[in-house]
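This report covers two topics: how strands pair, and how charged side chains pair. Please look over the sequence and the structure before reading on.

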Amino acid sequence: MPIDVFLTHAPQYGWPELATTVGSLLERCGCRPAPGTRVLVKPNLVAPFNAALTCTHPAVLRAACAYLADCGTKVSVGDSPAFGTAKTVASRGGHVQALKGLPVQLVNFSSPRQIPLSLGGSIGVARAALEAELLVNIPRFKVHDQMLLTLAVKNTFGCVIGFRKAWAHQTHGEKGNRFESMLLDVHLAMPPMVHLMDGILAMHRCGPAKGNAYPLGLLGASASAVALDTALYALLGLDCADVPLGQEALARKLPGATLTEAAFPLSAPGDFAVPGFELPRALAPVAFKPSRFFTGRMKSLYVRLCGLCGERKTQGERKNTVQP
């Protein structure tokens, strides 16, 4: 059976039909959880810098969480950013404000559980992700200087806790396809998932944190991250063989790794024009140079400490507030 991939035009984040469209996309790809279902929403909260472009947009996150809340589910939102904590990034990125009024819990990923890797070893993944009954994955459409693109499959790498992501770059990044294999192992270890792509304003030229905005005007959804990614490769004139993670999906013969396995009940990849969209000219090594690795870890620690101090200050202010 073909795998349904739902692509639709969405002009801007202030679009009045945004919430309705997001809910419809989730429902179309099978996301109809029963009341009481424990749902983890996994946005891309990569860093508190330039969050308006690097992170899943707050309006898309709110629309998805509102739909899930209307289903009567128990919703939590979590991630493990490259810099800082989920609560820090969400606060600076406007996500906390966007979620106000919804019965949603924002969580920092902790308590890793080791999952085995196909090519040996293991990696620590957040229990909150592994033990959810449903994971709603909401990536941002961005290019990536090491992996060419970061889409639905790559976004689940955020379930790996803290420094383990950077360390995985170092330990797997110089050994053939070990890094791509690890990414797919993490993805395949997740509970049942649906995927919602925020491509209204994409990032091109370089990424995933310092690129330029591109008005793609797209929302997409599927029960298969591989099929959704394949469709988005095709939208850019690529196939899986052109993308490192796509190559690994093809090698494993994963369903959805070829465009012929997908069906498009709404719009097809060719219905989206992408004039001037630029991919990275050359891919950087997956493993960081020692100086970059050390600087990144120090920067991450600094941002994390600043964020924790801010969270404690806020908690203290609430505690000391005199109730009328």
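## Strand pairing and salt bridges

Strand 7 pairs with strand 10 in the parallel sense, over 3 bridges. The model in which this pairing appears is predicted. One of the contacts between the two strands links L135 with its bridge partner in strand 10, M193.

Strand 10 has further partners. With strand 8 (residues 140-144), strand 10 pairs in the parallel sense over 2 bridges. Here K142 has M203 of strand 10 as its bridge partner. Strand 11 (residues 212-214) runs antiparallel to strand 10, and 3 bridges join them. M203 appears again in this pairing, where M203 stands opposite A213 of strand 11. Strand 12 (residues 218-222) is also paired with strand 10 in the antiparallel sense, over 5 bridges. In that pairing, L196 stands opposite A221 of strand 12.

How many of the 12 residues of strand 10 are buried? The count is 11 of the 12 residues in this strand (residues 193-204), so strand 10 is largely enclosed by the rest of the structure.

The second topic is charge. Side chains of opposite charge can pair when their charged atoms come close. In this model the count comes to 9 salt bridges. The table lists some of them.

| Salt bridge | Closest N to O distance |
|---|---|
| R38 and E133 | 3.7 Å |
| E131 and R113 | 3.9 Å |
| R127 and E131 | 3.6 Å |

Take the pair R38 and E133, whose side chains meet in a salt bridge. R38 lies in strand 2 (residues 38-43), while E133 lies in the loop between helix 6 (127-130) and strand 7 (134-138), so the pair ties together parts that are 95 residues apart in sequence. R38 counts as partly exposed because its relative accessibility is 42%. E133, at 40% relative accessibility, also counts as partly exposed.

A salt bridge also links E131 with R113. E131 is in the loop between helix 6 and strand 7, and R113 is in strand 5 (residues 112-116), so this pair ties together parts that are 18 residues apart in sequence. E131 has 42% relative accessibility and counts as partly exposed. R113 is partly exposed as well, at 32%.

Which residues do salt bridges with shared partners join into one network? They are R113, R127 and E131. Within this network, E131 forms a salt bridge with R113, and R127 forms one with E131. R127 counts as partly exposed, with a relative accessibility of 34%.

How values were computed: Residues are numbered from 1 along each chain as its sequence is written. This is a predicted model: local features need pLDDT of at least 70, side-chain atom pairs count only at pLDDT 80 or more; totals for chains, interfaces and linings use all residues. Side-chain values use heavy atoms; hydrogens and water are left out. A salt bridge is a side-chain nitrogen of Lys or Arg within 4 Å of a carboxyl oxygen of Asp or Glu. Helices (H or I, at least four residues) and strands (E, at least two) are DSSP runs, numbered from the N terminus. Buried means under 20% relative accessible area, exposed over 50%, partly exposed in between (1.4 Å probe, protein chains only). Two strands pair if DSSP finds at least two bridges between them.
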